[in-house]
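You asked for a reading of this model before you set up your own calculations. The note below is arranged as numbered points, to be read with the coordinates open.

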Amino acid sequence: MTPRRRTLGVAVIGTGRMGADHVRRIEQVVSGARVSAVVDVDAERAKSAAALAEDCAVHTDPAAAMASPDVDAVVVASPGPAHEAALLAAFAHGLPVLCEKPLTPDAASALRVLRAEQDVGRRLVQVGFMRRWDAEYRKLKSLLDTGQLGRPLMLHNRHRNVASPPGWTSDMLINDSVTHEMDVTRWLLGQEITAVTVLTPTPSGNAPDGVRDPQFVVFETDGGAVVDVEIFVNCGFGYQVQAEVVCEGGTARVGDGHALVTHAAGRWGGTVAQDYIERFADAYDREVQAWVDATRRGEVTGPSTWDGYAVAAVCEAAVRSLEDGGRVAVDLAERPALYAP
Ligand SMILES: NC(=O)C1=CN([C@@H]2O[C@H](COP(=O)(O)OP(=O)(O)OC[C@H]3O[C@@H](n4cnc5c(N)ncnc54)[C@H](O)[C@@H]3O)[C@@H](O)[C@H]2O)C=CC1
Ligand SMILES: O=C1[C@@H](O)[C@H](O)[C@@H](O)[C@H](O)[C@H]1O
């Protein structure tokens with residue numbers, strides 16, 4: 001058996017909503033790791049996140065944290081445009097990374113990261129597509145993999161958020177939200193997305209001015225499946241993520257939120273989660289634990305840089321389709337041997 005390493009010292013870069021939650025998770029939920037450094041361009045935010053951990057250094061520059069002997073691995077939770085620089089710095093130090101989605105905000109920068117990791121010669125990155133650790137999605141994946149339901153023909157997805165944060169634009173529905181369905185489609189079906197069409201109904205009256213919300217996104221895959229995604233980020237009532245696969249021999253569906261059903265005062269029902277932190281709490285915990293465990297074994301598992309790049313390529317096609325609702329083919333580089341399935 002491979003001897004276990006010392007407790008993993010993790011630097012968390014970006015201590016906003018997700019980063020601060022990952023600091024709490026590593027300190028209080030996950031075993032085998034501790035937060036040895038936090039980094040944020042906003043020093044006050046970094047300091048308040050550091051208060052959740054013992055002996056935690058505070059930095060405003062990611063490179064300074066990565067040079068520390070107390071840092072064995074990195075969580076990147078800064079905004080997407082800052083990911084490339086953080087990833088390249090981690091590669092220069094040979095540090096394994098859990099990088100929040102998106103890998104980077106566009107296909108060209110994702111390809112640069114892919115090439116840089118190939119130059120290192122081994123995988124260093126796990127991308128934060130946490131739905132792969134969600135219990136319901138995992139059951140769905142296991143069922144599909146048995147082949148009992150036959151060949152998947154269609155996948156229907158719904159992805160609803162209560163309200164979009166200030167400053168949201170129409171392409172962020174694709175780049176920030178539908179990215180998850182792109183990953184889920186590729187992972188569940190084991191197929192690449194080859195073309196995208198984005199249709200936009202008249203926007204909801206609750207959408208900020210100029211934001212095309214909701215959107216109806218259609219993927220075609222190299223296995224002949226057709227996938228649709230309703231993305232609606234100002235639905236007002238809750239956070240809902242649902243998926244139904246239609247196969248030749250039956251259907252399978254997740255995300256109905258029926259874990260607790262109440263009957264009282266002449267009514268029956270349940271509650272709807274209000275955000276991803278609540279809905280996917282267990283998935284984030286499992287994702288980070290899996291990353292820590294693999295890192296301590298000297299391995300890198302989970303969604304790869306290739307997966308992050310492939311999703312970025314699909315996003316690029318989708319954003320072009322958003323311009324006029326036309327069908328846009330996905331331009332995907334050849335898959336390098338390092339990322340063989
Ligand atoms: N997996 C998931 O379900 C989710 C993933 N995310 C992803 O997590 C990442 C962070 O998102 P949020 O926490 O919502 O954003 P946020 O805006 O709450 O936090 C980002 C933090 O990064 C800091 N920052 C900005 N540039 C930086 C740099 N160059 N170096 C270090 N720190 C920097 C900001 O000051 C801020 O504190 C994004 O990539 C986002 O797409 C966000 C929400 C859910
Ligand atoms: O990644 C996420 C956010 O960035 C995005 O804004 C939400 O729509 C997603 O549901 C969430 O999982």
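The points take the annotated regions, then the two ligand shells, then the helix pairs, and finally some details of the backbone.

1. The structure is a predicted model, and what follows should be read with that in mind. An unreviewed UniProt entry lists two domains: residues 9-129 carry the annotation "Gfo/Idh/MocA-like oxidoreductase N-terminal", and residues 141-330 are given as "Gfo/Idh/MocA-like oxidoreductase C-terminal".

2. Over residues 9-129 the chain is 40% helix and 22% strand, with 22 Å between the C-alpha atoms at the two ends of the stretch. For residues 141-330 the corresponding values are 35% helix and 27% strand, and here the end C-alpha atoms are 24 Å apart.

3. Ligand 1 is surrounded by 24 residues, of which Gly 14, Gly 16, Met 18, Ala 82 and Glu 100 are the closest. Divided by class, this shell holds 10 nonpolar, seven polar and seven charged residues. Which helix gives the most to the shell around ligand 1? That is H1, spanning residues 17-28, which supplies three residues.

4. The shell around ligand 2 consists of Asn 161, Asp 176, Ser 177, His 180, Val 233 and Tyr 276. Two of these residues are nonpolar, three are polar and one is charged. Helix H7 gives the most to this shell, again with three residues, and H7 returns in the next point for its packing against H10.

5. Helix H7 (residues 170-189) packs with helix H10 (residues 305-324) at an angle of about 135°, and the two axes are 9 Å apart. The two helices are therefore oblique to each other, and their crossing is right-handed. On the H7 side the contact is made by Ser 170, Asp 171, Ile 174, Asn 175, Val 178, Thr 179, Met 182, Asp 183 and Arg 186, while H10 brings Asp 307, Ala 310, Val 311, Val 314, Cys 315, Ala 318, Val 319 and Leu 322. Sorted by class, the residues in this contact are 10 nonpolar, three polar and four charged.

6. Helix H1, already named for its part in the shell around ligand 1, also packs with helix H9 (residues 281-296), at an angle of about 65° and with the axes 10 Å apart. This crossing, too, is right-handed. In it, His 22, Arg 25 and Ile 26 of H1 meet Tyr 284, Asp 285 and Val 288 of H9, a contact that has three nonpolar, one polar and two charged residues.

7. Two peptide bonds deserve a look when the backbone is checked, and both lead into a proline. The bond from Lys 101 to Pro 102 is cis, with omega near -5°, and Pro 102 sits in the loop between strand S5 (97-100) and helix H5 (107-120). The bond from Asp 213 to Pro 214 is likewise cis, with omega near 5°, and Pro 214 belongs to the loop that joins strand S8 (193-199) and strand S9 (215-221).

8. A last backbone detail concerns Asp 55, where phi is near 50°, a positive value in a residue other than glycine. Where does Asp 55 lie? Asp 55 is found in the loop between helix H2 (43-50) and strand S3 (57-59).

Terms used
Residues are numbered from 1 along each chain as its sequence is written. Chains are lettered from A and ligands numbered from 1 in the order in which they are written. This is a predicted model: local features need pLDDT of at least 70, side-chain atom pairs count only at pLDDT 80 or more; totals for chains, interfaces and linings use all residues. UniProt positions are given in the numbering used here, feature names are shortened, and annotations may be inferred rather than shown by experiment. Helices (H or I, at least four residues) and strands (E, at least two) are DSSP runs, numbered from the N terminus. Axes are lines fitted to C-alpha atoms, for helices over the stretch in contact, and angles run from 0 to 180 degrees between N-to-C directions. Angles under 35 degrees count as roughly parallel, over 145 as roughly antiparallel, 65 to 115 as roughly perpendicular and the rest as oblique. A crossing is left-handed if the near helix is turned anticlockwise from the far one by less than a right angle, and right-handed if clockwise. Two residues are in contact if their C-beta atoms, placed from the backbone, lie within 7 Å. Ala, Val, Leu, Ile, Met, Phe, Trp, Tyr, Cys and Pro count as nonpolar, Asp, Glu, Lys and Arg as charged, and the others, Gly among them, as polar. A residue is near a molecule or strand if its C-beta atom, placed from the backbone, lies within 6 Å of it.
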